[in-house]
Amino acid sequence: SSKMGSHGDFDLYQGNCTYIVPSFVSPGMQQYFETEQFQRHIHWDNVLFQVANASLDRTIDQTLGRDVFDRKLTQFREAQRRVALQCPSQ
């Protein structure tokens, strides 16, 4: 079996672990991301993200219910934990 970590995915039907390469941000990239130029460039992306997040929260609260969502989120996180156990770190 492949060795995976929190960056693995388990295929329930095939019984395989698939390695997912973790993201990497170099110090130079991080420095650029913090510049005013980059922040101006992504301003409307951030606005869209905030509006979409607020809409999602309203949908959860008004349609599904926060308690149901929280239970499902707990189930999802438990499934992620089991995948991490099934696909241990490299």
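These are my notebook entries on a predicted model of one protein chain.

**Entry 1: confidence**

I began with how far to trust the coordinates. Mean pLDDT for the chain is 86, and 83% of the residues reach 70 or more. I then asked which element has the lowest mean pLDDT and which the highest. Strand S1 (residues 8-11) is at the bottom with 64, while helix H2 (residues 36-41) is at the top with 98. Over residues 1-5 pLDDT stays under 50, and there the model has 16 contacts beyond four places in sequence. A reminder to myself: low pLDDT means that predicted coordinates should not be read in detail. I left those contacts of residues 1-5 at the bare count of 16.

**Entry 2: layout**

Next I listed the secondary structure. I found four helices and two strands, and their order along the sequence is β-β-α-α-α-α. For the contacts, I took those between residues at least 6 apart in sequence; 45% of them join residues at least 24 apart.

**Entry 3: helix H3**

I wanted a quick geometry check, so I chose helix H3, which covers residues 43-64. What span should its 22 residues have at 1.5 Å a residue? The expected value is 32 Å, and the end C-alpha atoms lie 31 Å apart, so the helix agrees with the expectation. I also looked at what follows H3: Gly65 comes next, and its phi is positive, near 100°.

**Entry 4: the disulfide**

How many disulfides does the count come to? The search returned one. Cys17 is joined to Cys87, with an S to S distance of 2.0 Å. The two cysteines sit in distant parts of the chain, 70 residues apart. Cys17 belongs to strand S2 (residues 16-19), and Cys87 lies in the segment after helix H4 (66-86). The torsion about the S-S bond is -85°, which makes the link of Cys17 and Cys87 left-handed.

Are the two partners buried or exposed? I used the cut-off for buried, under 20% relative accessible area. Cys17 has 11% relative accessibility, so Cys17 counts as buried. Cys87 is buried too, because its relative accessible area is 0%.

**Entry 5: surface**

Last, I looked at the chain as a whole. Of its 90 residues, 11% are buried, and both Cys17 and Cys87 have that status. The chain exposes about 7700 Å², and carbon and sulfur atoms supply 55% of that area.

Technical notes. Residues are numbered from 1 along each chain as its sequence is written. This is a predicted model: local features need pLDDT of at least 70, side-chain atom pairs count only at pLDDT 80 or more; totals for chains, interfaces and linings use all residues. Side-chain values use heavy atoms; hydrogens and water are left out. pLDDT is the predictor's confidence in each residue, from 0 to 100. Contact means heavy atoms within 4.5 Å. The expected span of a helix is 1.5 Å times one less than its number of residues. A disulfide is a pair of cysteine sulfur atoms within 2.5 Å. Buried means under 20% relative accessible area, exposed over 50%, partly exposed in between (1.4 Å probe, protein chains only). Accessible areas come from the Shrake-Rupley method with a 1.4 Å probe; for residues, only the protein chains shown count as cover.
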